[in-house]
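Hi everyone, thanks for coming. Let me put the structure up on the screen, and then I'll walk you through it at an easy pace.

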Amino acid sequence: MKVQRISAIIERDMRKFLRSPALMMSSMIFPLMQLIVLGYAFGGKIKGIKIALVDEDRTAYSRDLRERFGAIVAGPQTMQVENYNSVSDAIVDLRAGFVRAVVYIPVDYSRRVDQGNRPRIAFIEDNTDNFVTSEILTRMQDLVKDINQGLNPFQPGQRLTVPLPRLNPLVDLQVVELYPYIEYIKYLLSGSIAMSVFIVAMIGGGITFIDDKSRGLHEGYLVTPITKSELILGLIFSGAIKGLMAGTTITLIGGLIAGIDRLWDPVRLLYLMFVLGTTSVAMISFMFLLMVRVSDPLVPRAMFGVLNTLLYFPSGAIYPVEGFPVWLRWISYVDPFTYAVHALKALLLKNTGFSGIYSDILILSGFSVVLVALSVAFFKRQI
Amino acid sequence: MNPTNDNAIEVTKLKKQFGDFVAVKEVSFTVHTGEIFGLLGPNGAGKTTLIRMMTTLTPPTSGSAKVGGHDVVSDADGVRHAIGVIPQALTSDPELTARENMMIHAKLYGLTSAQRAKLIPELLESVGLTEFADKLVGSFSGGMRRRLEIARGLVHSPKIMFLDEPTTGLDPVSRTAVWEMITRLKKSAGLTILLTTHYMDEADKLCDRIAIVDHGQLVALDTPARLKDSVPAVDIVEAEIDNAPQNWKASLEKLDGVASVADHDDGIWHISTTNGPATVRELMDLARDRGINVRRVSVQGTTLDDVFLYYTGRQLRDAASETVRRDVSHLYK
C-alpha cells in the first residue's frame, strides 16, 4: 500500500469538492434549515389552548375551584378558559374544535365535598392531539393537587375538597435538575450536525461516487496500478475530511443559532472535532459499503430519503431512544447516527469531556473498521 | 519487458463469456514490439472486451494474455505499470484542470515531484494543450479531452499503449490531430500501440497490421495492403450518364470482368469489376458507339470496406446497425 496513491485520491476529491460550492452549500443548508424549522416548530411552549368550563354547581366550593383553576392557567398562559352554561353546548364546541377540552363541575360537587364522598369533576378532552392533551392533563393534575393540598384525607367531612387522586402526604418527590433547562432547538442541534455529516457522505460517498463511475471516470483510475484498498481508503479519507469540514461548520453556525453556552471553549471544540472525525469515517464507510456494487446513478438519489429517515429518526436526535418500540431500538443500535448524536449531546448539552464520549468513539471506530474491511472485500476492481 | 522478446502482446485462446453470451471467442494473436496494431470491427464485435482483458480491467473466462511480458491475471500490477490506456469513454475529470488530471495520474504511477515537474509540461506541450493547462477539463472540446487523455496515458512513459476507439465522436479536424499524434508517438517514443476502431480509413491510415473482429472472433489479420490483396479484386466504377437506353444495364453486364451493375435513380451507375481501368475504357467505347453522354466516371480501388465485406459477408455499416438491434433485444424479453 502506497501513501502517495491514497493521497493522490484524496487530493483529487478535495480539489473537486472545494471547486463546487453548490455541493458544500447543499450539505449545510438542509441540516441548518431543519434545525431552525424543527427547533421552533417542536420546541415551543404550548400557549392559549381554549378550554370550556361548565359550572353547574354554582356554590362557594365551585367558585373556589374555578378561582384556583384560573390561577393555575394564568401563570404560564397555557390555557384560555371560556365559561359555558351547558355541558352539551361545550361538547358541541369540543367536537367542532373550538375548544380543546371541557372541564365540568357537576351539580352535586359541593354536596359530595361536604359529605366527603369523593367529589368529582369531569375532564373531557379532544385526545386527537397528544401534545396538547398531555399539556392540559399536566395542568389539570396541578389543579387537583392544589385543591387537595394541605388537607387531611383521614378526616373527611371537614371543610375540604377533592381526594383525587389520593395523595400520600408522607412521600414527597423532590426533583433535582442537573443542567439548566434545555430548549428543544439545543436538543435537536446534535442531530443536525450528524445530519450534515451524513449528507456529505451521501453526496460525496454515494452520489458523486456512482456518477463518476457511470461517467467512466473510474476506468481512468482503474487502469493505473492503484490497488482497491488504496482507492477505497483514499475515497473514505477524503469523504471524512469533507464530513469533518461540514460538521464543524454546522456545529459553529448551529451552535450560535441554538445559543449553546461557551461555544468557543477550545477543549470542547477539540473533542467535538474528534467526534465529528470519527463520525465522518463511520458514515462514509457505511455509505461506501452500501454503494460498493451500485452502478446506476439513480440508486443513491432514490435511497437518499429512505436512508435519511432510517438513520436520522431512530438515532435519538429528535426523540429519546427509550421511547421506541423494540424493533426501532434495534435499528438505533446499528445506526452510526445514534452514537454520533449521543456523543454530540454529551459534549454540547453537558460538556462531559472525554468520559462522556469514549464509548461512542470506540463503537464508531469499530464500526468503521468492519465497514471498510467489508467494502474492500466487496469492491470489484474490474469493469 | 524481456528484451529478447519481439512480441509486446501475446494473446492465446482468450475467451470472455457474460452469462450465455460469448463476447470474445478464443482469440489468439501477437502484437510485435514497435508496431501499430488495429482491431477493426463494428460496435459490439468484442473489441472493447478484448482490450479490457488485455488491460486487466476484465478477467478472462479462459485463455491467457501476456502484455509487456507480464501475465494479465497473475501479474496484473506488472501489466498496469507497463501500459498506458486510453479507454473509449472520456475518463478525464471534468472538474479538474488539465494539469491536475496529469498530476493525479502521475502520482498514482508513483512519479517523483521532480519527474512530474519535468514531464507534465512536456506532455501538455506535445498535445498542444499548454495554454489550456490550468483550465477546467469540463470546458474542453471532445478532441482536447482526448488529447489530454493521450498525454495522461503517457505520463509514466509506458512501453505499450492501448487506445480504445480514440477518435469516436470527434470532429474531422480533431480526428486528424489525434492521428498525427499517434503516428508521431510511434516514431518518437518507439511505442507499441494497439488501437481499436470501427473506421476503415483510420485503420488503413494508421495501422501496420489489422485484425478484423466480428462476433467475438478474428476473421482476418494482416497488413492493410495484403488484406486488400487477399480480396478478389473488386474495383467499383462509378459513372454518371445522361439518358441511358433500355438495354444499358444488360450491355454493361456483358463487358469484360464485370461482376454486377447497380442502377441508381439519379443516373449514377455502380459497376463492380475485376479490372477497373479496362472496364472504364470499354464503357467509354460503348457510350461513344451509342451516342451516350458520360458526364463523369471514376474508379475506386479495393478498400477495407470491401475487405470487411469479403470476410464477414456484411458491410461494416450494416453490421453496426445490426449490432444495435441485437443489443436492445433483451429489453423486450
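What you're looking at is a predicted model. I'd like to begin at one small turn in chain B. In the hairpin of β12(B) and β13(B), four residues sit between the strands, and one of the residues to look for is G267(B), with a positive phi near 85 degrees.

Now let's follow the strands on either side of that turn. β12(B) covers residues 258-263, and its pairing with β13(B) is antiparallel, with five bridges. If you want a landmark, find V261(B), which stands opposite I271(B) in β13(B).

β13(B) has another partner too. Strand β11, residues 235-241 of chain B, runs antiparallel to β13(B) and is joined to it by six bridges. Here the landmark is I236(B), with S272(B) of β13(B) opposite.

So which residues of strand β13 are on the covered face, and which are on the uncovered one? W269(B), I271(B) and T273(B) make up the covered face. The uncovered face has I268(B), H270(B) and S272(B). Put that together with the landmarks: V261(B) stands opposite I271(B), a residue of the covered face, while I236(B) stands opposite S272(B), a residue of the uncovered face.

Let's zoom out to chain B as a whole. There are 12 helices and 14 strands here, and the C-alpha atoms fill a box of roughly 80 × 50 × 45 Å along the principal axes. Chain B has 333 residues, and 42% of them count as buried. Among contacts in chain B with a separation of 6 or more, 69% are between residues 24 or more positions apart.

The domain assignment splits chain B into domain 1, residues 7-229, and domain 2, residues 232-301. Their centres, taken over C-alpha atoms, are separated by 43 Å.

Next, please look at the other sheet I've picked out in chain B. This one is open, with four strands in the order β2-β1-β4-β5 and antiparallel pairing. At the edges are β2 (21-32) and β5 (70-71) of chain B, each pairing on one side only. Further in, β1 (residues 7-18) and β4 (residues 62-67) of chain B run antiparallel and are joined by five bridges. You can spot E10(B) there, opposite K66(B) in β4(B). Across β1, β2 and β4 of chain B lies helix α1, residues 47-54, running at about 120 degrees to β1(B).

Another helix gives us a nice little check. How many ångströms should the 18 residues of helix α6 of chain B span? At 1.5 Å a residue, α6 (residues 172-189) should span 26 Å, and its end C-alpha atoms are 25 Å apart, which agrees. Just after α6(B) comes G190(B), which takes a positive phi of about 65 degrees.

Finally, chain A. Its domain 1 is made of 3-42 + 184-378, and its domain 2 is 47-148. The C-alpha centres of these two domains of chain A lie 49 Å apart.

And where the chains meet, the contact takes 24 residues from chain B and 22 residues from chain A. On the side of chain B, the elements giving two or more residues are α2 (76-82) and α3 (98-108). α3(B) gives the most, with five residues. By class, that side of chain B has 10 nonpolar, seven polar and seven charged residues.

That's my tour, and I'm happy to take questions.

Key: Residues are numbered from 1 along each chain as its sequence is written. Chains are lettered from A and ligands numbered from 1 in the order in which they are written. This is a predicted model: local features need pLDDT of at least 70, side-chain atom pairs count only at pLDDT 80 or more; totals for chains, interfaces and linings use all residues. A residue is buried if 20 or more other C-beta atoms lie within 10 Å of its own, exposed if 12 or fewer, and partly exposed in between; C-beta atoms are placed from the backbone. Two strands pair if DSSP finds at least two bridges between them. Domain bounds come from an automatic or database domain assignment. Two residues are in contact if their C-beta atoms, placed from the backbone, lie within 7 Å. Ala, Val, Leu, Ile, Met, Phe, Trp, Tyr, Cys and Pro count as nonpolar, Asp, Glu, Lys and Arg as charged, and the others, Gly among them, as polar. The expected span of a helix is 1.5 Å times one less than its number of residues. Axes are lines fitted to C-alpha atoms, for helices over the stretch in contact, and angles run from 0 to 180 degrees between N-to-C directions.
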